[in-house]
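Trainee: I have not worked with this structure before. Please show me how to read it.

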Amino acid sequence: MSGGAGSTGKPLRVAIVGSGPSGFYAAEALLKASIAVQVDMYERLPVPFGLVRFGVAPDHPKLKMPTAVYDRIARSPGFAFCGNVRIGGDLAVAELRAAYHAVVFASGAESDRAMGIPGEQLPGSHTATAFVGWYNGHPDYRDCHFDLSQEVAVIVGQGNVAADVARMLAKPIDELRGTDMAAHALQALAESRVREIHVIGRRGPAQAKFTNRELQELGELQGCTARLAQDALPLSESCQRELADKNNFVAARNVEIFRSWLGRSEPERPRRNIVFHFLKTPVELSGEGRVQHIELEHNELSGPPFHQVARSSGRREVLECGLVFRSIGYRGLPLEGVPFDEQRGVFANQDGRVHDSPGVYATGWIKRGPSGIIGTNRADSVATVASLLADVPQLSREDKPGGEALLAKLAGRGVRIVHYADWLRLDAAEIARGQAQGRIRDKFTRLGEMLAELA
Ligand code: NAP
């Protein structure tokens, strides 16, 4: 490779699209490689950190600690943050590919799966994505409205996002006030009348996707009782075999937690209840001009251990409710110029190499789908960067101009590029606003506010 890109003075130029965990871990792996690299990270928002800022629940500040690592990466020589630039809008994918030896998409899963049932679009029916984005101050969801004057909410899905949504609805507001929850959400939740939260799983307690700590926490909330809609845990022989598998300890512990809640009845005048339902699939939402009912089909499981699927048993029930949040998984969005796997909702790729697109890579949720915890993305990004580094002999054949020309082009298009130093100013301003109110930070939640602060 001597003399080619990657040698001193002629860095390999890499663009990363997306500034969440997988983007930063890809940057880290590239900067640690034994070749000269210039990494430019593009982010459509003026603020970095993706789901760590906009996904992790405000009452879990420890889970946001990786931002200290990302901050260190962002300050490294050979790294530049280019915020407020939308790839596929402000810049075309083809322009990016022309400027860089390699482009790594770490753009996450920005959309969500649909249930595909009648009534899903009724007012009062929402995605968990929107609710999470709203309480975390994501500008895309700033103006969402959730009718929290309703007393009964239903959450469809039994994963950690469902747990976050349930906890935000159930937690005493005084325990949220000091967090970085968006101010508009704090205010709305302070007036919430939601007191019954149903969490619906299409399969059984042994297949719930919660991690133990998240599930346990739902049973320990002040003024709230976690209980089960059924008076016995539905555990078939196949479920028992799943639970006996020593690698399936998270599910086994979840089942123990559920078991400890069996027989709990609604205590006198509790403030709130979280009720877990198993083996039920929503088939219709209905109501006069808004959601008032959800119809649930009762299921049985069929198939061998670890491959059990829900099949209708023919029985149904109707629950009255005023709010529905579907929390059945995120989904990546297609982008012009990048092959998309419609079925999986990811960029079509093999080991992070995007199909039919030399020099284009994917990592994180847009590569493998929405799974795992923050740290899972580290190994994933290391693997994608390993694919990229193996391709360097081919990638480095051509000279590439890198970001400078692009930034000039963007400025000509009227885009206010937000550099890392700009983010540090926004960060300091948010923290100062928060401290004045006894809070961790008070987030800017509108693009205009962020850019005005930097003007
Ligand atoms: P998830 O863990 O995949 O859970 C999705 C849930 O939706 C499952 O219960 C699934 O049931 C159900 N589901 C899927 N399609 C359905 C349908 N058509 N009808 C009814 N139910 C359906 O996804 P997630 O909760 O969105 O979380 C995404 C990732 O982020 C996970 O890896 C999660 O652990 C992570 N996360 C972590 C934290 C944390 O660490 N605190 C917080 C939030 C999120 P089946 O099993 O039957 O498919």
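The dialogue below takes up the ligand site and then the strands.

Mentor: First, the ground rules. This is a predicted model, where local features need pLDDT of at least 70 and side-chain atom pairs count only at pLDDT 80 or more, while totals for chains, interfaces and linings use all residues. Residues are numbered from 1 along each chain as its sequence is written, and side-chain values use heavy atoms, with hydrogens and water left out.

Trainee: Which residues come nearest to the ligand?

Mentor: A residue is near a molecule if one of its heavy atoms lies within 4 Å of it. Here 21 residues surround the ligand, and Gln158, Arg202, Arg203, Glu214 and Gly372 come nearest.

Trainee: Where does the ligand lie with respect to domain 1 and domain 2?

Mentor: Domain bounds come from an automatic or database domain assignment. Domain 1 (12–110 + 331–418) and domain 2 (114–328) both contribute residues to the shell, so the ligand lies between them.

Trainee: Which polar atoms of the protein are close to an oxygen atom of the ligand, as at 2.7 Å?

Mentor: A polar contact is a pair of N or O atoms within 3.5 Å. A polar backbone atom of Gly372 is 2.7 Å from a ligand oxygen. For side-chain N or O atoms, the distance to a ligand oxygen is 2.8 Å at Arg202 and 3.1 Å at Asn160. The protein covers 83% of the 920 Å² of accessible area that the ligand has on its own; such areas come from the Shrake-Rupley method with a 1.4 Å probe.

Trainee: Is strand β10 mostly covered or uncovered?

Mentor: Strands are DSSP runs (E, at least two residues), numbered from the N terminus. Buried means under 20% relative accessible area, exposed over 50%, and partly exposed in between (1.4 Å probe, protein chains only). Strand β10 (residues 272–277) is mostly covered, with six of its six residues buried.

Trainee: Which way do the residues of β10 point?

Mentor: In a regular strand the side chains alternate between the two faces of the sheet. In β10, Arg272, Ile274 and Phe276 point one way, Asn273, Val275 and His277 point the other way, and all are buried.

Trainee: Which strands pair with β10 in the parallel sense?

Mentor: Two strands pair if DSSP finds at least two bridges between them. Strand β8 (residues 196–200) pairs with β10 in the parallel sense over five bridges, and strand β9 (residues 224–228) also pairs with β10 in the parallel sense over five bridges. Asn273 of β10 is the bridge partner of Glu196, and Thr225 stands opposite Asn273.

Definitions and conventions: Polar contact = N/O pair within 3.5 Å; in protein donor to acceptor, adjacent residues only side chain to side chain. Helix = DSSP H or I, 4+ residues; strand = E, 2+ residues; numbered from the N terminus.
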